[in-house]
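Okay, everyone, thanks for coming. I'd like to walk you through how some helices pack in one model, then look at a pocket. Let's put it on the screen.

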Amino acid sequence: MLNDIMSLPFAHSAVWLLICACLFGFLQSIFPLDPTPRPIRRDIWMDIGYWMLGPVVYGSLGASLIAGGYYILFAGNMDAAIEWSKTGAAWLADWPLWLQAIGVLIVTDISLYWTHRLFHSNALWRYHAIHHAPETLDWLHSVRFHPINLIFHSLFANALALWIGFPPIAVAALAPFNILYSTMVHANLNWTFGPLRHVFASPVFHRWHHTGADEGGSKNFAATFSFLDHMFGTFYMPKDEKPMNLGLTDRDMPPNLLGQWLYPFMPSEPQQAEPTPVKPTIVQ
């Protein structure tokens, strides 16, 4: 019976939604960055829709992206591509699974950093603006992404790891970590990670990224390793300040899921896009 339930299209999404709701709902009540009491958001159902529909809508698209990459890499020899996709590259065969997973995390985080920056460019900003539109930020917003943004950001990063030769089991083993970490950095938590803030992305680090372009909106692109922002001059965490002014761009964002998916294709008046000249790095 349990196997039948878990085989349903929305089952895994529902399980993770319940886990994150319990875990981060509790943590936000104990360690809030913004302690202002807030009623249940009107748009909470839209975020639940993003959460539940995501794996169903994007799963087949991700598989097509991966297969297309294999076709190019192996010049149409899909037998070789299938074998590669099952076992991974020979040079990785002797790595233990935990080391393979760390390798996947490093490769994907580098990819995520640069595709994230790319989506802050004028050409792609409207696909990413959906994620930055909310004026409040909590753990549930971690899934609010346009399909194009998700495919060529998150799904592309995993595909890149597979194309390089990491076995699927290493990518799959990292999936729970990625879900929990992404949800954590979007949560309303006052965690800075202290000295480790220069290595790992924290909720405060990422919240600065959701402020306006004149603050941290064009900084802090890393998903997991904040040292990438140090390396490329985009680290931003002002000392003794809280990132409170969120969602300061694209006020014409539709208030429903379908409208947001169509938003990048709608005509609009010129607006201030997120990308601005990178200011000097600011650290606590």
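One bit of vocabulary before the helix pairs: an angle under 35 degrees counts as roughly parallel, over 145 as roughly antiparallel, 65 to 115 as roughly perpendicular, and whatever is left over is called oblique. Also, keep in mind that this is a predicted model.

So, first pair. Helix α2 and helix α8, the latter being residues 168–186, have axes that come within 11 Å and cross at roughly 45 degrees. With the cut-offs I just gave, that falls in the leftover class, so α2 and α8 are oblique to each other. The handedness of that crossing is right-handed. Who's touching whom? On the α2 side you have W16, C20, L23 and F24, and on the α8 side P176, I179, L180, T183 and M184. Sort those by class and you get eight nonpolar residues, one polar and no charged ones.

Stay with α8, please, and bring in helix α5, residues 97–118. Here the axes come within 9 Å, and the crossing angle is roughly 70 degrees. That value therefore puts α5 roughly perpendicular to α8. Again, α5 passes α8 in a right-handed crossing. From α5, the contact uses L97, Q100, A101, V104 and L105, while α8 brings I169, A170, V171, L174, F177 and N178. The split for this contact is nine nonpolar, two polar and no charged residues.

Third pair: helix α3, residues 44–73, with helix α4, residues 78–87. They pack at about 120 degrees, with their axes 9 Å apart. What does that make them? Oblique to each other, therefore, going by the angle. The α3 and α4 crossing is right-handed too. A67, Y70 and Y71 of α3 meet M78, A81, W84 and S85 of α4. By class, the contact of α3 with α4 comes out at six nonpolar, one polar and no charged residues.

Quick stop at a single residue. L155 sits in helix α7, which covers residues 147–164. Leaving out anything up to four places away in sequence, L155 touches Y58, G62, L65 and L150. And how far is L155 from T108 in space? C-alpha to C-alpha, they are 9.6 Å apart, with their positions 47 residues apart in sequence.

Last thing, the pocket. I picked the second largest one, which has a volume of about 570 Å³. Its lining is made of 26 residues, and Q28, R38, P39, R41 and D138 are the ones nearest its centre. Which helix gives the most to that lining? It's α2, with four residues. Both α2, residues 11–30, and α3 supply at least two residues each. As for chemistry, the lining of this second largest pocket has 15 nonpolar, five polar and six charged residues. Put that beside the α2 and α8 contact, where there were no charged residues. So α2 turns up twice in this talk: once packed against α8, and once in the lining of the second largest pocket.

That's what I had. Happy to rotate the view if anyone wants another look.

Terms used
Residues are numbered from 1 along each chain as its sequence is written. This is a predicted model: local features need pLDDT of at least 70, side-chain atom pairs count only at pLDDT 80 or more; totals for chains, interfaces and linings use all residues. Side-chain values use heavy atoms; hydrogens and water are left out. Axes are lines fitted to C-alpha atoms, for helices over the stretch in contact, and angles run from 0 to 180 degrees between N-to-C directions. A crossing is left-handed if the near helix is turned anticlockwise from the far one by less than a right angle, and right-handed if clockwise. Contact means heavy atoms within 4.5 Å. Ala, Val, Leu, Ile, Met, Phe, Trp, Tyr, Cys and Pro count as nonpolar, Asp, Glu, Lys and Arg as charged, and the others, Gly among them, as polar. On a 1 Å grid over the protein atoms alone, a cavity is a set of points where a 1.4 Å probe fits but cannot get out, and a pocket is an open set with protein on both sides within 12 Å along at least five of seven lines; lining residues have an atom within 4 Å of a point. Grid points are joined across faces, edges and corners, and a volume is the space filled by probe spheres set on the points.
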